[in-house]
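Visitor: I would like to go through this model one step at a time. Where should we begin?

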Amino acid sequence: MSLRQSIGFAGFQGDSWSVPIGRSSRNGSIGIAVVMLVFLFAGPNLRADDLLDRAQSHFGIVPAPDATLVSSAKVELGRALFWDTQISMGGQVSCGSCHLPESGGADPRRFSKRSKGDLTKRNSQTVFNAAYQDELRWLADRPSLQVQASGSLTGSLGHDDEESAEARLVELGYATQLKNVFGDGDDASLTDQFGRAVAAYEKTLTTPADFDRYLSGDENALKTTPRKGLGLFMDIGCVDCHSGLLLGGQQMSVFGVFGDYWTATGSTKVDEGLYAKTKQPEDRYRFRVPMLRNITATAPYFHDGSVDDLSQAVRVMAKVQLDRTLTNSECDAIVQFLNSLTGEVPRNFSPPGGE
Ligand code: HEC
Ligand code: HEC
């Protein structure tokens, strides 16, 4: 199991868009002269430029939702499916029961209640921007949004098998609607089509934030303290794991590089992570590095929701991943930086007709 280091949209990172001076001048002496002039005349601003430049080389800009896609029939159908509790076995639970707007697309409960009444094994993650990850969930064990969504029918939505799920989709009239959207010639199963429509909806759930305005060159989008936090985030090594468009979602890592994570988090149960699946010693306590987009809204934190407070989660990370104790002002600056990653809840993240 390996997550690809660079993802499809890596083009957003650095070279392909907005070219600040330091970056445009790779070739040729004119470029070097420009850099020298900037160095001579920009004075104290140089440090700020440097911060932006470094940030642009590690992170990327989340695009705004595409309005044409949002209003397309396929996305609207996916939206209806996402929010309809009738689809679940007991008629009580929808995707939206565990992925809530007021919790940044995640669940405020440590573990979520599945249709059958039992609890999920791990904490619910946000669906916002999830489309930009190659592999999903804490163990990176779902290869696409479509597979994840189809799988939920017999997972948290409680159906015993695909036939039961498909019978429900037929009964509710969704079979016809899916056929209308995908066309008569499409011979994929109903559960696959369900997954495709829901995935199309999820792809529209992107949340550009202040940090994206900063990355696109508006340095005023981040105030002094969050900028300091951004600098720390890169300097002390958070960025080694949390990088890319989403500041995470690209690789697996051991949780607790410098000590048992559960002593830091107070977790009551020890989850062995990927090891439970592979039985490979190096996979013990290995989880997917989660994205940090909208992190201020998605408490509680970690795979078991063991930490409620973001400052505390940041301290835990610094301690067990980097062997570092943060001062209060360092921790505060990092949290203020993380705050700049929270965007607006997408307007179509609600049941159809509610907008
Ligand atoms: C009972 C609660 C519950 C329901 C219902 C539910 N989810 Fe989730 N969802 C979770 C939990 C918990 C996780 C994390 C699971 C894990 O990693 O082990 C998750 C993970 C995900 C992820 C992965 C996010 C990431 O960053 O990797 C996506 C996408 C997702 N759910 C979409 C959906 C969709 C679409 C539906 C409906 C078809 C749905 N969920 C129904 C609780 C739920
Ligand atoms: C060696 C890799 C690594 C480094 C370095 C690292 N992290 Fe993490 N981070 C992870 C992993 C893995 C998790 C998931 C842990 C779990 O819950 O299983 C995580 C989880 C988090 C979470 C909780 C996310 C959520 O959705 O619950 C936050 C917040 C976070 N990291 C911030 C930071 C900050 C800030 C730094 C720097 C001080 C940092 N991380 C350094 C790998 C890393």
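Guide: We begin with a metal site; note that the model is predicted.

Visitor: Which protein residue is the donor of the iron atom of ligand 1?

Guide: The iron atom of ligand 1 has a single protein donor, an NE2 atom at 2.1 Å. Its residue sits in the loop between α6 (95-98) and α7 (145-154). The donor residue is H99.

Visitor: Which helix gives the most to the shell around ligand 1?

Guide: The shell around ligand 1 holds 30 residues. Three helices, α6, α7 and α10 (190-202), each supply at least two of them. With four residues, the one that gives the most is α7.

Visitor: How far is the side chain of Q133 from an oxygen atom of ligand 1?

Guide: For Q148, an N or O atom of the side chain is 3.4 Å from a nitrogen atom of ligand 1. For Q133, the pair is an N or O atom of the side chain and an oxygen atom of ligand 1, and the distance is 2.9 Å.

Visitor: What is the arrangement of the donor atoms around the iron atom of ligand 2?

Guide: On the protein side, H242 (NE2) and M317 (SD) coordinate this iron atom at 2.1 to 2.2 Å. H242 lies in the loop between α12 (224-235) and β1 (252-254), and M317 lies in helix α15, 75 residues apart. Six donor atoms subtend angles of 89 to 179 degrees, so the arrangement is octahedral.

Visitor: Is H242 buried or exposed?

Guide: Buried means under 20% relative accessible area. M317, at 25%, counts as partly exposed. H242 has 10%, so H242 is buried.

Methods:
Residues numbered from 1 in each chain as written. Chains lettered and ligands numbered in written order. Predicted model: local features only at pLDDT ≥ 70, side-chain atom pairs only at ≥ 80, totals over all residues. Heavy atoms only, no water. Donors = N, O, S within 2.8 Å, 3.2 Å for Na, K, Ca; no water. Helix = DSSP H or I, 4+ residues; strand = E, 2+ residues; numbered from the N terminus. Near = heavy atom within 4 Å. Polar contact = N/O pair within 3.5 Å; in protein donor to acceptor, adjacent residues only side chain to side chain. Tetrahedral: all angles 85-135°; square planar, octahedral: opposite > 155°, others 65-115°. Buried < 20%, exposed > 50% of the residue type's maximum accessible area, 1.4 Å probe, protein only.
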